Amino acid sequence: MFGVIDRFEKEIKATDGTDTAKSSKLEDLKALEGRASAQLEKLSDNLSALYGAQRTPQVLGALLELFVARGLERPDELKQLDAKREHDPNWFCSNKVIGSNMYVDRHCETLSKLAKEISYLKLMNVSMLHLMPTIYKTPEKDNDGGYAISDFRSVNPAIGTMDELRDLFSTMRKNGISPVMDVTINHVAHDHAWAEAAKAGDPEKLAYFFAMEETEKDEYEKHLNQVFPDIRAGNFTKNEEIGKFVWTTFMSSQWDLNYTNPKTLMAMADEMLFLLNQGAEALRMDAVPLIWKEKGTACYDLPQAQALLGVFNTMSKVAAPGTILISEAIDEPEKVKRNLSPDTCQMAYNTMTLTHFWDGLAHADASFMAETLRRHADVPQGTALLNMMRTHDDAPFFFDPGTAKALGIDIRQRHNKLGEFYLGDTGYAKAVGFAESRDREKVFLAGTTGSLAGIEKALEAGDAQQADSAIKRIRLLNGLLHSLPGVPMLNLTGGDDRGQTNDYSYMKDEIQRKDARWVNRVPRDVDFKTKSPLEIEVMNRVFSDTVDLNRTRTEMPAFGAGPMQVIDTGKAPVLGFVRRNDKQDVMVLANFSPEPQKIDPRDLLDHGMTEAVTDKIGQQKDQMLKIDAGIELAPFQCMWLVPAGGHAEQPLLARTGMP
Ligand code: GLC
């Protein structure tokens with residue numbers, strides 16, 4: 001460690017720069033040394049878990065050298081960000097944070113046009129923007145929606161340039177919006193320079209990947225699952241140039257990286273540091289359970305995968321300390337949370353909320369959700385779940401088996417029911433089954449929030465009443481999205497902000513038509529000239545609801561970091577919970593039923609509500625509600641109740657003895 005620092009010190013002193021420039025670099029070096037020392041033990045433990053004690057010192061030295069070199073290159077603007085965040089390390093847990101994601105190409109075509117959209121994002125109170133990976137250079141066609149990345153350092157020329165991206169990031173930051181970029185930590189595109197070199201016979205680059213004979217491939221394959229069985233069978237692709245089978249868990253165009261080779265780790269760390277030094281404030285670590293493989297296992301969710309995330313966490317803490325990592329593991333709550341910690345990924349995609357949103361609506365019953373939240377909503381301090389209605393891929397159902405067992409729920413039957421409800425013809429929803437949905441072993445619904453909630457069918461029927469119910473369903477889910485522990489994330493290219501409906505044009509594309517996920521990657525469409533008055537009304541109402549809830553959340557300190565207590569509302573369709581911190585107490589009630597529901601006043605008072613409350617998202621915001629006769633929730637209504645006057649005299653949960 002000190003050898004590395006000494007070497008950099010000598011180099012800095014030997015440069016031609018002015019004394020002031022040199023002493024500022026030496027100060028940066030000192031800060032890097034301090035951060036690296038603080039991480040040393042953790043880094044060493046993680047590397048030992050990956051490479052064994054003997055190889056660790058060498059890998060550790062090489063990594064530290066890389067982290068320090070890139071840390072020294074960090075632009076001033078980003079160093080200022082790092083310094084600011086040192087005093088606010090849990091910045092991403094605040095109630096002021098509202099996330100969103102967007103395919104630039106489908107939203108506004110180019111980066112220069114996106115710069116003009118910033119006022120729209122601010123109007124929505126969006127403070128974190130994930131630019132989907134079509135932003136990168138990818139193979140032209142078979143690119144898995146951008147997740148086959150050909151070069152982490154090049155922007156897709158149809159969208160813009162790296163200089164434009166850097167400038168955009170800087171403008172976003174000045175406007176309070178944190179940029180998020182994808183890192184496909186599991187794979188790169190088959191035409192990435194590393195893969196091209198491997199194909200051309202470079203043994204060093206070939207060792208970045210898994211290439212093997214058929215018999216060995218078959219040994220692995222026996223234990224593996226398939227991610228896209230409908231689209232492409234198996235986990236390997238024969239590459240004629242190499243003459244072997246290359247590991248490709250997802251599409252054939254995505255070559256899995258081999259981290260048993262520490263050089264692969266170094267190379268990916270360097271790509272990530274490049275992105276962090278361009279101004280990305282968070283990296284979305286794609287498909288994290290798959291990043292470590294061991295023969296004879298399902299090569300899924302192995303402890304080494306977490307150790308690897310720990311190494312990347314150290315990387316950002318040393319070289320770009322104002323930044324965080326986001327884990328994407330689409331799985332059951334416990335498995336999602338396995339990758340969530342201040343020492344691995346500080347944020348994680350949360351499948352628990354979206355699973356129960358759509359399950360709750362289909363069953364008009366929130367009790368499964370309530371029990372799951374009771375068991376799994378807590379997260380370690382300094383971390384946050386990322387809540388969404390559905391991902392850019394789909395709305396997958398991942399129930400917690402322990403909770404299901406405790407409630408006597410058969411998950412298979414639940415899947416069957418959900419499959420019938422959302423994929424059948426009789427209900428209000430319109431969805432397309434994706435991946436393994438057919439046999440109901442798993443159910444993944446592709447479809448926009450609008451179509452899943454009933455807008456598509458309502459518009460087809462020209463039925464204003466149906467449309468009204470659909471809008472209320474979306475408002476209900478939005479009300480929860482914004483009040484549950486964690487950070488809400490809106491899918492902008494899926495029209496979460498406007499209730500847009502499914503786009504079936506993917507069926508006409510030779511490659512996309514095999515992949516139903518395209519149905520919910522809807523190009524932005526705000527051309528009101530082509531729309532019916534009902535459609536315009538729907539879009540306007542969903543939009544103003546979204547703006548309202550986004551803004552109100554930012555005014556509700558209780559929705560920042562802090563615990564939740566799920567309460568018994570006495571009504572199965574009504575989810576109830578309390579959020580609090582030292583500034584505010586809020587009781588959230590959410591009715592999943594198409595019928596009104598009345599809550600007994602005792603159930604409210606028992607949880608510390610005062611006799612008069614206001615509903616912060618009610619029609620008359622500051623109108624006082626007397627709860628002596630109970631509270632009536634309209635169909636699909638969500639309420640954010642605060643004691644009249646804004647605060648309880650003493651924190652409500654202190655009175656109820658909650659920890
Ligand atoms: C993640 C992405 C998905 C992609 C896959 C492979 O699950 O969300 O869109 O296909 O990883 O990169």
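Contact here means heavy atoms within 4.5 Å. Keep that rule at hand for the exercises below. The model is predicted, so local features need pLDDT of at least 70 and side-chain atom pairs count only at pLDDT 80 or more, while totals for chains, interfaces and linings use all residues. Residues are numbered from 1 along each chain as its sequence is written, and side-chain values use heavy atoms, with hydrogens and water left out.

**Exercise 1. Place N239 and list what it touches.**

Step 1: find the element. N239 sits in strand β8 (residues 236–239); helices (H or I, at least four residues) and strands (E, at least two) are DSSP runs, numbered from the N terminus.

Step 2: judge the burial. Buried means under 20% relative accessible area, exposed means over 50%, and partly exposed is in between (1.4 Å probe, protein chains only). N239 has a relative accessible area of 10%, so it is buried.

Step 3: list the partners. Not counting residues up to four places away in sequence, N239 touches K199, K244, V246 and W255.

**Exercise 2. Describe the largest nonpolar core and the surroundings of M285.**

Step 1: recall the rule. A nonpolar core is a set of buried Ala, Val, Leu, Ile, Met, Phe, Trp, Tyr and Cys residues joined through side-chain atoms within 4.5 Å.

Step 2: pick out the hubs. The largest such core has 169 residues, and Y259, M285, F312, W358 and Y422 touch the most other members. Helix α2 (residues 19–72) gives the most to this core, with 16 residues.

Step 3: look around M285. Leaving aside neighbours within four places in sequence, its contacts include V183, I185, M272, L309 and F312. L325, I326, S327, E328 and C345 are also in contact with M285.

Step 4: check for a separate core. Another core, of 15 residues, lies apart from the one around M285; A287, L290, F434 and V519 are among its members.

**Exercise 3. Work out where R390 is and what its side chain reaches.**

Step 1: locate the residue. R390 is in the loop between β14 (384–388) and β15 (395–396).

Step 2: judge the burial. Because its relative accessibility is 0%, R390 counts as buried.

Step 3: find the polar partners. A polar contact is a pair of N or O atoms within 3.5 Å; within protein, one must be able to donate a hydrogen and the other to accept it, and residues adjacent in sequence count only if both atoms are side-chain atoms. A polar atom of the R390 side chain lies 3.5 Å from the backbone oxygen of G447. The R390 side chain also reaches the backbone oxygen of G494, at 3.5 Å.

Step 4: widen the view. With neighbours within four places in sequence left aside, the contacts of R390 include L354, T448, N491, D496 and N520.

**Exercise 4. Describe the largest cavity and the largest pocket.**

Step 1: set the rules. On a 1 Å grid over the protein atoms alone, a cavity is a set of points where a 1.4 Å probe fits but cannot get out, and a pocket is an open set with protein on both sides within 12 Å along at least five of seven lines; lining residues have an atom within 4 Å of a point. Grid points are joined across faces, edges and corners, and a volume is the space filled by probe spheres set on the points.

Step 2: take the cavity. There is 1 cavity of 30 Å³ or more, and the largest cavity has a volume of about 60 Å³. Its lining includes H130, R284, I326 and Y349, and β1 (99–102) and β2 (128–131) each supply at least two lining residues.

Step 3: sort that lining. Ala, Val, Leu, Ile, Met, Phe, Trp, Tyr, Cys and Pro count as nonpolar, Asp, Glu, Lys and Arg as charged, and the others, Gly among them, as polar. The cavity lining has 6 nonpolar, 3 polar and 1 charged residues.

Step 4: turn to the pocket. The largest pocket has a volume of about 950 Å³. Of its 46 lining residues, V227, Y300, I330, F398 and F444 are the closest to its centre. Its lining has 23 nonpolar, 8 polar and 15 charged residues.

**Exercise 5. Compare the settings of E109 and F636.**

Step 1: consider phi. Most residues other than glycine have a negative phi. E109 has a positive phi of about 75°, and phi of F636 is near 60°.

Step 2: find the loops. E109 is between α4 (104–107) and α5 (111–116), and F636 is between β25 (631–633) and β26 (638–643).

Step 3: judge the burial. E109 is partly exposed, with a relative accessible area of 47%, whereas F636 counts as buried at 7% relative accessibility.
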